[in-house]
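This report describes how secondary-structure elements are arranged relative to one another, taking a sheet and then a pair of helices.

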Amino acid sequence: MERPVIPMSFEAYAVMERPFGWKVEYWDGHARLSPRSIGVTTKLNLNLRNLSYNHNLVPVSPDYRDRMMAGYLETFSESVEFCGWPSESIAESAAKDIGNYFSGKRGEPLSASVLALAPGDQVLAGLALVIHRPNYGAYMDLLYVRPEFQRQGVGTAMLNWAIAQLVESGFPTLSSRYHICNEPSRRWHHRHGFEDEYDCYYARLKVGWYDMEIWRREQLGLTAGLDDLRRERDRWAAQVDPADLDAF
């Protein structure tokens, strides 16, 4: 995924709508957008769910390592998490992340980790790696569904598998993390009952975004919805020390 570069005048740039979580800069007659490298931690209280699915789910093993890395590269090459990264660097990240899982470097691998295989063959459709981290408990260290298998319930099936294994093992919660600019991932987590745990920096970003959006609309004479924006701005500001806002 390439960083968005949009030709426009500086006057247009000054009042352009900024997507939340993105850094927006201007030079040489172009607005240039870069996603901030920030994740949002989110947690799910566990209970058993309907385990119906159409894909073959199998436990993770080193035998699938090459297919796991190939799926990682294919899935994340056009994702916001690796915006602006060359393919070689994404491949290195795949080898590192999957190698760290098997070595236990980031946490103890759990039996809740699962692979989804396409019906009737051995094509890898998706992957969910779950580990035990001392400060989190059960933690979704990596989750992806290859592009051609997305929106077919693969991610939901893997989550349900993981939940069943974790409940049986006595884990009360599952933590995960999504990129601040990955709106589909945010919606997926929320749809499945995950609740976000925001930190102070995230709240400060929200306040800054609302301040900018309120100013932008005022400059353009767009008064509809301003009161709602101000209320949201104040709600986030209440979660931040005033001294932190002054220094932001």
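## Sheet and helix packing

Strand 2 and strand 3 (residues 30–35) run antiparallel and are joined by six bridges, in a model that is predicted. Within this pairing, Trp22 lies opposite Pro35 of strand 3. The wider arrangement is an open sheet formed by three strands in the order 1-3-2, with antiparallel pairing. Strand 1 (5–7) and strand 2 (22–27) occupy the edges and have a single partner strand each, so that one side of each is left without a neighbour in the sheet. From one strand to the next, the twist averages 20 degrees.

The strands and their residue ranges are listed here.

| Strand | Residues |
|---|---|
| Strand 1 | 5–7 |
| Strand 2 | 22–27 |
| Strand 3 | 30–35 |

Turning to the helices, two packed helices are described by the angle between their axes and the distance between the axes. For helix 2 (residues 65–76) and helix 3 (residues 87–103), the axes come within 9 Å and cross at roughly 135 degrees. Helix 2 is therefore oblique to helix 3, and the crossing in which helix 2 passes helix 3 is right-handed.

On the side of helix 2, the contact involves Arg65, Met68, Met69, Tyr72, Leu73 and Phe76, while the residues they meet in helix 3 include Ile90, Ala91, Ala94, Asp97, Ile98 and Phe102. Taken by residue class, the contact of helix 2 with helix 3 divides into 11 nonpolar, three polar and two charged residues.

Note on methods. Residues are numbered from 1 along each chain as its sequence is written. This is a predicted model: local features need pLDDT of at least 70, side-chain atom pairs count only at pLDDT 80 or more; totals for chains, interfaces and linings use all residues. Side-chain values use heavy atoms; hydrogens and water are left out. Axes are lines fitted to C-alpha atoms, for helices over the stretch in contact, and angles run from 0 to 180 degrees between N-to-C directions. Helices (H or I, at least four residues) and strands (E, at least two) are DSSP runs, numbered from the N terminus. Angles under 35 degrees count as roughly parallel, over 145 as roughly antiparallel, 65 to 115 as roughly perpendicular and the rest as oblique. A crossing is left-handed if the near helix is turned anticlockwise from the far one by less than a right angle, and right-handed if clockwise. Contact means heavy atoms within 4.5 Å. Ala, Val, Leu, Ile, Met, Phe, Trp, Tyr, Cys and Pro count as nonpolar, Asp, Glu, Lys and Arg as charged, and the others, Gly among them, as polar. Two strands pair if DSSP finds at least two bridges between them.
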